[in-house]
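Okay, let's get going. I'll put the model up on the screen, and then we'll walk through a few spots together.

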Amino acid sequence: MELKEPQPQDRRPEGLGALQILPDEIICIILEALSPRDVAKLACVSSVLYIFCNEEPLWMKLCLENFDGTLQYRGSWKETTIEKLCLTKDITTISKSRLCFKGFSSLFLYKRWYRCHVAFENFSFDNGVVERIGDISSEEFRLRYDGKGPVLLTELANDWSAKHTWTLEKLAEKYGEVAFCISQTNADKITMKLKDYVSYMQLQNDEDPLYIFDPKFGEVAPDLLKDYNVPRLFQEDLFDVLDKDQKPPFRWLVLGPARCGASWHVDPLLTSAWNTLLQGRKRWALYPPGRVPPGVTVHVSEEDGDVNIESPSSPQWWLDIYPLLAEEDKPLECTQLPGETIFVPSGWWHCVLNLEASIAVTQNFVNEANFEFVCLDLAPGYRHKGVARAGRLAVEGQLGFSRDDRDVCHMNHDNLGSDRCCSGQDIVYSSDCLSMYLEENLNHYNSNWSGSSPIGQREVREWLHRLWAVRPSLREKIWKGACIALDAGKWLDRVTKICAANNLPLPSESEKLPVGTGSNPVYLIGEYVIKLYVEGGLESAVHCLGAELEFYDLLCDSGSPLINHVPYIFRSGFLSFSDGSYESTLWDGKEVPPIIAEFNLLAINSFPCDYSFSTWNKAKVESTVLEKKQSYKEESCSTANMSVWPYLIAKRCRGENVSHARRKLSEEDFFVLASFLGEQVCNLHTLPLPSMPTSCKRMRLNSYGQWDVAQLLTNQEENNSQMSSVTHNNFGPRDPFYGNHRIPAEWEPFITLMRERRKNVKESLKKWGDSTPNHLIEKVDDYLPPDPLVLLGINGVENGVLKLCKSPTWLHMDIMDDNIQMEPYVSDGLLSDAIQICSSSVNLIHAKKELDADRDGEGNKQRVMHPSYILDFSDLSIGDPVYELIAIYLDVFRGNSVLLKHFLLRYKLPLCSRQGCKGQTQLLEGASRADCQKSEQLSYQAMCYCLLHDDNVMGAIFSIWKELRKASSWEEVEITVWGTLNDYEDF
């Protein structure tokens, strides 16, 4: 009698305990949320958890999510992770051979293992649905394919040297030490040297292998650009009018092994693309616009229109989903061969799978055929983005599909219809049709912008304005796109009414679009500049205009030389819309006009103050509203519902701003600019502050974000409507941080604002996507002081009021290259005053050598332009002068420390007290002398303000100093970026 071997006991119940009720897929998702250290420890709990915790796909995900920098693969993802994250102290040994256990099986894990090892060499498919053609004229291509459907082009790369030089062996030999960006990570997060990547290709057995997908290969390996030319059919790219640093990513080197490839997606901004294959074979699958592939889910954020696509990996889709599709539901398919170029029109879904190791180059572009679709994708809102990608399912999703706080249309496509056109019963993929789904109540200037967008709002406005100037033959199309993206038609109507009411010339054909990159619409009309205030809604807009008018009056009365470098204000007022018509009302910034009183804004008009919407009121409201997480009367004051627009008319300045002139400025021009800014910022920071209403010092906003009017009236009686000047004897409410000692009233708005930003600093950094490395975000709380007040220095207490080491100054808050005007330089044979300043302040020849080295020896040598005006004071505030340096250094000087030093030589004012923080160690519980000394360093103060800024300052820093993405600490970032400040000695 034959004895049967006993069946092993099922390990799952005992090995997983309470977790046994969960599907294996959910267990894997839970493990992915743990840290590498915790996963390694969990593997020791049981045999079943050992199996789950030693899965290579798990360790691959853990490594890529927890590591920034240059990666070197060590034969397995577990070994790579342990080495790169320095976990060897916790995990002293790595078993070279895995333990084996009987009594456990998992279909989910088996299918994943199978996808890791399957070969795709014989997976080629081509049924001729995607045409393959040779020579074709540009006109025929435009009529038959551009914007209509994909096509394979076989002769566009015939004369490329890349056909012979772009082999794996030759590229590795020439560029082996060059680090390229890889896929499956956010841009620039992880790179691999090409020689290490080739080694990875040979060793890996990943389900979805990493592949090189580098948008900056032309910068790191410029010789590669010489090996190919943009095909003649795709020469036009309307983004080319932008500067290099403004243009969104548009070209990629694509290199990877078999099994890798892009999962289902629509190209960014609804651009079109061409992809030329040099080595290997690729299988393509495509669906028309609006036909979301089976197994793919689209999420569109109602908050900012961010599009997030959940898709299985390319191998998983081909192996698990594709075989189940009915014939009529299958995509268009083709296999791309070496030397062939595939064209993918705007809005088409596509998925790519490498059948063997492949090398390709691809570019996205905007041309006349897809221009309106790109403008549509740049418009604020979410509905049109969902419809463009999901067709009628996005519309149905608004009516009956489930939603959560983040997703406005959850579009799951398990049941697809047979319509293979645009999948919409009355939805056609045209800009006119899709524009019907734009949200009328949204405004481009004030809407939230998607953090994942490859281009910013400011760059969009600059792009359209430049196109309008350089492509007059396309103005009809550009105007239509501007009306879609910017609502340009409505803004033109408004500015036309303002011109008529103030007896100004009406906008000409060349003046129809707003200019500049600021947050408010600005128009150049003849000899005048017209700015409409919309940023932040009506409440904020009125305060911005009021503060700017107050500042200008004070500047005129002060005798400061700054008045010669601020544009003359001609007129200001409000444009209102009621009963189908516009009306303009003049306003000098003092009395509250009836049109504003009707909106029941904050009761500022009750203040005993010359300027009802003064700078102090603006700062107070901004800080306190942020503190309470309230918006100003959202329903009546939001931009969406605005029917009143504050406006300002100023005299137009000659020349152009630094943003436009940058490429033609010489070294001397930049030094003169630094001198000019140093002097004028000094003039601004020494300008007397406006009077502060006594009642403002003692008041707080109520729970509705409004001033307590009863308290206000009481304060008015007490103070007999008298104004008091700003001194340290004025005080705000008691501060619980410092034993209920009071903060000087003039500092309270600034400190309140910084404290609120300090509370949410991690969330603020994360909202900008991958601008800041995750490992640094996790350390930000330890780096920043618990209370930003210490950045001002505490020198003791006097009469219950904290004595601070700094005095507040006016802050422009936005001295960027688009807010500095330059005029053509005319030489009279003598050194100009600015050059004499430059020469007397620093050894110009030596400094120019430093700047020239910083710019790789490029640039003009002769004077071209000189600075004349500082523009746009609508963001005025009062606070720490160090805060002012951020925009100047990072945007205007682009991180050039030589120019920063030169600026400081002309600035001359103290940025910190020589007295030191004598009282901080007594007032700050647990604070050491070292901590206090750290807060005295100007580099630390500036770095803290960068982190507490409301703009994407860290994105600017890590784009200038790319190597700092690998920094191990914020201290390293601080010294690299701001270390120059620690050598500053004021005069």
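So, a starter for you: is Lys 226 buried or exposed? Lys 226 counts as exposed, because its relative accessibility is 65% and the cut-off for that class is over 50%. Keep in mind that this is a predicted model.

Lys 226 also has a partner. It makes a salt bridge with Asp 223, and the closest N and O atoms there are 3.3 Å apart. Asp 223 comes out at 31% relative accessibility, so that one is partly exposed.

Staying with salt bridges, the count comes to 51. Let me pick out a couple more. Arg 74 pairs with Glu 83, with 2.9 Å between the closest N and O atoms. Arg 74 has a relative accessibility of 36%, so we call it partly exposed. Glu 83 is partly exposed as well, with a relative accessible area of 36%.

Then there's Lys 762 with Glu 778, where the N to O distance is 3.6 Å. That pair links distant parts of the chain, 16 residues apart: Lys 762 sits in helix 30, residues 761–766, while Glu 778 is in the loop between helix 31 (774–777) and helix 32 (780–783). Lys 762 has a relative accessible area of 21%, so it's partly exposed. Glu 778, at 47%, is also partly exposed. And there's a network too: Asp 243, Glu 462, Arg 466 and Arg 663 are joined by salt bridges that share partners.

Okay, over to the sheet. What order do the strands come in? It's an open sheet of three strands, 22-30-31, with antiparallel pairing. At the edges you have strand 22 (656–657) and strand 31 (865–870), each pairing on one side only. Strand 22 pairs with strand 30, residues 820–824, over two bridges. If you want a residue to click on, try Asn 657, whose bridge partner in strand 30 is Gln 821. As a quick reminder, strands in a sheet pair through backbone hydrogen bonds. Lying across strand 30 and strand 31 is helix 26, residues 667–685, and it runs at about 25 degrees to strand 31.

Last stop, the surface. Leu 107, Tyr 110, Trp 113 and Tyr 114 form a nonpolar patch, and together they have about 490 Å² of accessible area. Tyr 110 belongs to helix 7, which spans residues 107–117. With a relative accessibility of 48%, Tyr 110 counts as partly exposed, because exposed would take over 50%.

That's my tour, so over to you for questions.

Conventions: Residues are numbered from 1 along each chain as its sequence is written. This is a predicted model: local features need pLDDT of at least 70, side-chain atom pairs count only at pLDDT 80 or more; totals for chains, interfaces and linings use all residues. Side-chain values use heavy atoms; hydrogens and water are left out. Patches are made of residues with over 30% relative accessible area and no salt bridge: like charges are joined within 9 Å, nonpolar side chains (Val, Leu, Ile, Met, Phe, Trp, Tyr) within 5 Å. Accessible areas come from the Shrake-Rupley method with a 1.4 Å probe; for residues, only the protein chains shown count as cover. A salt bridge is a side-chain nitrogen of Lys or Arg within 4 Å of a carboxyl oxygen of Asp or Glu. Helices (H or I, at least four residues) and strands (E, at least two) are DSSP runs, numbered from the N terminus. Buried means under 20% relative accessible area, exposed over 50%, partly exposed in between (1.4 Å probe, protein chains only). Two strands pair if DSSP finds at least two bridges between them. Contact means heavy atoms within 4.5 Å. Axes are lines fitted to C-alpha atoms, for helices over the stretch in contact, and angles run from 0 to 180 degrees between N-to-C directions.
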